[in-house]
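Here are some short exercises on reading a protein model, each with a worked solution. Have a go at each task before you read on.

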Amino acid sequence: MPTTTEPEWSTESARSPGHGRTSGRRGRRRAGRVHPALYLFPLPALAIYVVFFAMPTLQAVQYSGTNWDGFSADYDNVGLGNFERILTGDDLFMNALTNNLKFMLVVVVFQTIFALGLAIFLVKNTTASTLLRGLFFFPTVLSSVSVAYTWKFIYDPNFGLANRVLEFVGLEQFTSSYLGNDTAAIYWVAITQIWFHAGQMMVIFIAGLQSVPAELYEVAEIDGAGKWKQFTAITWPMIAPATAIVVAYTTIQSFKAFDLILGLSGNPPRYSMDILSTRIYTGFANSEFGYAAAESLIFMAFIAAVVLAQRRILKFTQKDV
Amino acid sequence: MRFNLTRGVVLTIYAVIILVPLAVVFFGSFKTTPELFDSPFGLPSSISFDNYDTVLNEQNLSQAFLNSVLVTCSSVALTLFIGSLAAYATARIPGWPGWLIFGFLVLGMTVPAQANMIPQYALFNQLGLLDSRIGLVIINVVVGLPVAVFILGGFMKTLPREAYEASSLDGAGPLRTYWSIVLPMSKPSLAATAIFLFVIQWNDLLYPLLFISSDSKKTIPLALLDFQGQFLTDYPLLFTGVVIASLPMAITYVLLQRYFVAGITAGAVKG
Amino acid sequence: MNQKSHGTMYTRRRILQMFAASGLVAVPAACAGPGSGGGGDQGGGGGEALPTDGPVEGEISFAHWRAEDQAVLEKMFARFSEEYPDASVSQDISPSNDYQSNALQRIRSGNVGDLFVAFRGAQFVDMVDAGLYADLSGTDVVERYDPALIDVGQSDGTQYGLPYQLVFNQPVSNLDILESVGVTEPPPDWDSFLAMCEDVVAAGLVPMAWPGGEIGNAGHLFNCMVMNNAPSDDMCAKIESGEYACTDDWFLTTLAQYAELRPYFQPNATGTAVEPAQQLFAQGDAALLVTGSFHITAVRELGAQFPVGMAPPVTVSADERKYVGIRNATFILGVNTASDNQAGALELLRFLSETEAASTYANGTVQHLTVADVTYDNEDLAATSDWLSKETLLAPRFQFTDLDIRNAAEQACIDVVGGDSPEQAAEKAQGIIDQRIGS
């Protein structure tokens, strides 16, 4: 099952823009001879991962074909029954999926833009940059629970900051019940998520930007290229690996924004804020281990598919110039 | 000029957006609950360290702090070490085996924790690793590994191949090359990964809650939970706990920032 | 397919350790089934008899979710240790959300919770099914409880657990405000309840502070709204079994009454979490806090000085009224079948059930209890003790054993307050319930 994901990761990243015209695949083949000892390097990681992660996961896979409740000694095999029910007869799952897609789309697009913008503004190692980087990164170090509590405070319709500010500047007509508004709630959660994690992604972009050779910009400067031209011609293609990491990681994070949702909406979450990971959680809490395990598998497949699709899109815009 | 103006405006606005909620937490930690609700966004009427006193004198908080430092530092170091070994190998091993290992390890990020919780609990129980800090380190490494391999692998593939090819021509084995060429050149991405791992592992609540039962082995997030009740939440105390728990992270971040400077020189090798 | 037998566990563990040492664990680990991790007898109903007079010694772990009771319990347990110098008690506290999802697995392993608790409803049912509760029938400890209040701890006639707390899931009232609008007794019928709300609005205050943003806390109101409307007392169980539906007349009537209450909640009620609702009430801006008696402590901590009472909405006329309020018995104590210190756990249960300890707990945590002969010194407890003898219904929402069905029914009520028509909300809820029942 994992094999479906790899080719994309590697070909893209191997095509390091720094290598001029050498394409990833050809380069690899030329470097085909590596020291045999290199194959021992992943062993510690694989050993611990297989025992403590892959095997439990395989068990979950096994249970996805059963109606196990999570504690009884007995259960029945239901074959693909769980999957059939999820895909054809579960409005709650589909509701969570829809919410999750909206949430992901908003977070991935805006958080990535913010993170990249901040990284570009703060890439130089001046004192001011260092301080601001520290500030922007700070929300990330808070636990999800505390972030959720803080924002619940901001969104509260009666005591909260958001409505108070609107009233203060005379925009009473825009005050709202925020998380209580079923069509908008998931977007308010997305704003919190971006506040929470944009700084974290900024760090990756800074690491990416700092490995772009300064000479490239100097040459472009001499050629009279403006800032925007420099960005499209040098920065964007050169930070392809960082972008790939940020987009994929943000996607996965937005599928797993479980603590934040439970913190903001209470447990169980309202339908308007239910996403896949909270739906799966409710399944486990509801003693439907087998069914929730099946939901988890679909969840994994879905993330993999979304991440692969994103790779296609990014690759298209970040071709070597 | 226009760039600098835009830069200033954008950074200022963003700084305000970040600061305001943080200020609520920070000032909130000096308030009483009624005061917090009365003026959540105002300055505290007086600087009282009562909340800090309560939190810090909470039994076992210093022990919990020590546990958190021990567990997080060992987990991060171990994850970085075995993760970077694996990432390096996946970046270098040609053809499908490299992709396979990479994909297999990275796929772990997509698995919801709840799906694994029951089987993992049973496994740790059988191995006698419940209620043990070593057990926590193991589970932290397992959870952090996919993230580490993902970020490090992505960056290591972009390292100029000339560097390690030259090294192996000099007769250095892969371990030497890894240690003296790859790791130093990967400082920015190692720092970024370390920060990610610190954040994930320092704040992890799910596994400590599941695995740990003795007070003497609790970590900070677990100890802070004592402030939350089912029907009653003391926000000021909670905020105080948040401030105390997040300070070490902030310090770690400042310390690791230094390595971003190294990034510029590493990048220059390519040029 | 059946669970693997436990006979091979020891060898498997040895093999695992050997393989783990050599880093090649893949295959054997696959055999470590989740079920085989637990101690105790699974599937069975707590078969063996309890050792009623074993030595009381060693550490006794008490697993529960009441972090706010920790200090009071600690003091009580210190007294227990004085009585039994060889024994000590440790509390294993998880927040209620996590307790709901993890407790069963952790307690079953025997690592924690020699004495443990369960929520009334799905959790208690599951824990009994998993064989966690030792049979307490016939032990002397049962006799210390009010027999009328402990049947929620029974399953098929066997007393597995003893519910400890007795709470009232009905609106808490600010008696000063109610008095100022001329209300001195809980409104006896729907019209007088609405009239009371109208008068509070006229006085410039909010009649009801309701946490409509959190389905778990918002749902307490559901109990009162259906207690007199439903044709039977097991209405929620019947919704779950498919016998009743949200599209039935009685449910639609209930939803229509939620719609009638719309002007009496605080503004944007569907976006309000529980803490701001408590604050609104505590600072004297709202006449009712629409959750339950268990929030009185929180309101006091927020600085409320006024006297409190309770005023549940009765949704019918006085002569159609069956119940005047809602009670719930929860925090169902039990001795763990997987524990290796059952004698200690049982003695601790005995200790908690004694009048003296129970009174300390009740007054220290401001909760009524199911233990007989408890003295309620606490002012708020004393002031609300008259509810102990009133005609109350055991909170029906906990009859639901399926969380999704419960949420669907309760979400429909929130949706109506948010502006949906009763019919529309009922359709939506019943659609989800039908899917759940069909599965």
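**Exercise 1. A strand and its partners**

Strand β1(C) is mostly covered, with five of its seven residues buried. The model you are looking at is a predicted one. Your task: find which strands β1(C) pairs with, and in which sense.

Solution, step by step:

- Begin with β2(C). It pairs with β1(C) in the parallel sense, and the pairing runs over seven bridges.
- Now pick out one residue, F62(C), which stands opposite Q91(C) in β2(C).
- Follow the chain between these two strands: it leaves β1(C), passes through α3(C) and arrives at β2(C), making a right-handed β-α-β crossover.
- Then turn to β3(C). This strand also pairs with β1(C) in the parallel sense, here over two bridges.
- Come back to F62(C): its bridge partner in β3(C) is L115(C).

So that you can picture the side chains too, here is a handy rule: in a regular strand they alternate between the two faces of the sheet.

**Exercise 2. A helix among its neighbours**

Your task: explain why helix α14 (residues 342-352) of chain C is described as largely enclosed by the rest of the structure.

Solution, step by step:

- Count the buried residues of α14(C): ten of the eleven are buried, which is why the helix is largely enclosed.
- Name some of them. Among the buried residues are Q342(C), G344(C), L346(C), E347(C) and F351(C).
- Ask what covers them. The covering elements include three that you met in Exercise 1, namely β1 (58-64), β2 (87-93) and β3 (115-116) of chain C.
- Complete your picture with α3 (70-83), β11 (325-335) and α15 (355-365) of chain C, which are also included in the cover.

**Exercise 3. One residue at a meeting place**

Your task: decide whether N116(B) is buried or exposed, and find which residues it touches.

Solution, step by step:

- Locate the residue first: N116(B) sits in helix α6 (residues 113-126) of chain B.
- Look at its surroundings. N116(B) has 25 C-beta neighbours inside 10 Å, so it counts as buried. The cut-off for buried is 20 or more.
- List its contacts, leaving out residues up to four places away in sequence: P56(A), T57(A), A60(A) and V111(B).
- Widen the view to the whole contact between chains A and B, which takes 87 residues from chain A and 89 residues from chain B.
- Ask what gives the most on the side of chain A: helix α6 (residues 127-141) of chain A does, with eleven residues.
- Sort that side of chain A by class, and you get 57 nonpolar, 23 polar and seven charged residues.

**Exercise 4. Where chain A meets chain C**

Your task: find how many residues of each chain are in contact here, and which element of chain A gives the most.

Solution, step by step:

- Start with the counts: 41 residues of chain A are in contact with 47 residues of chain C.
- On the side of chain A, the elements that give two or more residues are α3 (43-63), α5 (91-121) and α14 (276-285).
- Of these, α3(A) gives the most, with seven residues.
- By class, this side of chain A has 19 nonpolar, 14 polar and eight charged residues.

**Exercise 5. Two chains and two domains**

Your task: describe the make-up of chains A and B, then say how chain B is divided.

Solution, step by step:

- Count the elements. Chain A has 15 helices and zero strands, while chain B has 13 helices and zero strands.
- Check burial: 56% of the 321 residues of chain A count as buried, and for chain B the figure is 58% of 271 residues.
- Divide chain B into domain 1 (1-48) and domain 2 (58-268). Their C-alpha centres lie 30 Å apart.
- Look at where they touch: eight residues of domain 1 of chain B are in contact with seven residues of domain 2 of chain B.
- On the domain 1 side, α1 (2-28) and α2 (33-38) of chain B are the elements that give two or more residues. The most come from α1(B), with three residues.
- Finish with the classes: this side has three nonpolar, four polar and one charged residues.

Technical notes:
Residues numbered from 1 in each chain as written. Chains lettered and ligands numbered in written order. Predicted model: local features only at pLDDT ≥ 70, side-chain atom pairs only at ≥ 80, totals over all residues. Helix = DSSP H or I, 4+ residues; strand = E, 2+ residues; numbered from the N terminus. Buried ≥ 20, exposed ≤ 12 C-beta atoms within 10 Å, placed from the backbone. Contact = placed C-beta atoms within 7 Å. Nonpolar A, V, L, I, M, F, W, Y, C, P; charged D, E, K, R; others polar. Domains from an automatic or database assignment. Pairing = 2+ DSSP bridges. Right-handed = clockwise from strand over helix to strand, strands pointing away.
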